[in-house]
Amino acid sequence: MAPSGTDDLSLPKATVQKIITEILQPSQGVTFARDARDLLIDCCVEFITLISSEANEIAEKEAKKTIGTEHIDKALRELGFPEYVQEVLASAGEHKEALKTREKKTNKLDQCGLSEAELLRQQEELFKSANEKYNQGH
């Protein structure tokens, strides 16, 4: 199924299982066999490879070095999957918004609340103290 060189490509089984579990509620009494899940993973990888390859060709024709959502849109349409375009673009928009609103990581320097000069003074004191202790031992 997968072209040579892509045999090692896969999706995390736990993630796929989580998606399956969300779709097939245990209360429905339907289960998904392990080999069926593995086949589904292979199909997903193949689908991603197909769309990615087509989007790459479209981007290359447009002399673009980055594949954008517009290339995915065109690839889906050209490969006969226009019914996915609206949901894919909506998902991309949600992802973009989530990136804007996600909390920015702060580093320890920002969190400590001390000025750079104060930190430098403390560091010099620590070095002096360590040097004195070292010299006392020798």
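# Close-up views of a predicted helical model

**View 1. The largest nonpolar core of the predicted model holds 6 residues.** These residues are Ile51, Ala55, Ile58, Ala75, Leu76 and Val85. A nonpolar core is a set of buried Ala, Val, Leu, Ile, Met, Phe, Trp, Tyr and Cys residues joined through side-chain atoms within 4.5 Å. Buried stands for under 20% relative accessible area, exposed for over 50%, and partly exposed for values in between (1.4 Å probe, protein chains only). Helix 2 (34–61) and helix 3 (69–78) are the elements that give two or more residues to this core. Helix 2 gives the most, with 3 residues. Helices (H or I, at least four residues) are DSSP runs, numbered from the N terminus.

The model is predicted: local features need pLDDT of at least 70, side-chain atom pairs count only at pLDDT 80 or more, and totals for chains, interfaces and linings use all residues. Residues are numbered from 1 along each chain as its sequence is written, and side-chain values use heavy atoms, with hydrogens and water left out.

**View 2. Helix 2 has an end-to-end span that agrees with its number of residues.** At 1.5 Å a residue, its 28 residues should span 40 Å, and the end C-alpha atoms are 41 Å apart. The expected span is 1.5 Å times one less than the number of residues. The buried residues of helix 2 are Arg37, Ile41, Val45, Ile51, Glu54, Ala55, Ile58 and Ala59. Their cover includes helix 1 (13–23) and helix 3.

**View 3. Helix 2 and helix 3 cross at roughly 115°.** Their axes come within 8 Å. This crossing makes helix 2 roughly perpendicular to helix 3. Axes are lines fitted to C-alpha atoms, for helices over the stretch in contact, and angles run from 0 to 180 degrees between N-to-C directions. Angles of 65 to 115 degrees count as roughly perpendicular. The crossing is right-handed, a term for a near helix turned clockwise from the far one by less than a right angle. In helix 2, Phe47, Ile51, Glu54, Ala55, Ile58 and Ala59 meet His71, Ile72, Lys74, Ala75, Leu76 and Glu78 of helix 3. Contact means heavy atoms within 4.5 Å. Not counting residues up to four places away in sequence, Ile58 touches His71, Lys74, Ala75 and Glu78.

**View 4. Helix 1 and helix 2 cross at roughly 105°.** The two axes come within 10 Å. Helix 1 is therefore roughly perpendicular to helix 2. From helix 1, Lys13, Val16, Gln17 and Ile20 make the contact, and from helix 2, Arg37, Asp38, Leu40 and Ile41 do so.

**View 5. Ala63 lies in the loop between helix 2 and helix 3.** This residue follows just after helix 2. Its phi is near 55°, a positive value in a residue other than glycine. Ala63 counts as exposed because its relative accessibility is 68%.

**View 6. Asp73 is placed in helix 3.** With 17% relative accessibility, Asp73 counts as buried. Asp73 touches Val85 and Leu89, not counting residues up to four places away in sequence.

**View 7. Glu118 is found in helix 6 (residues 116–137).** Its relative accessible area is 25%, so Glu118 is partly exposed. Glu118 and Lys65 are 53 residues apart along the chain, and their C-alpha atoms are separated by 46 Å.

Technical notes:
Angles under 35 degrees count as roughly parallel, over 145 as roughly antiparallel, 65 to 115 as roughly perpendicular and the rest as oblique.
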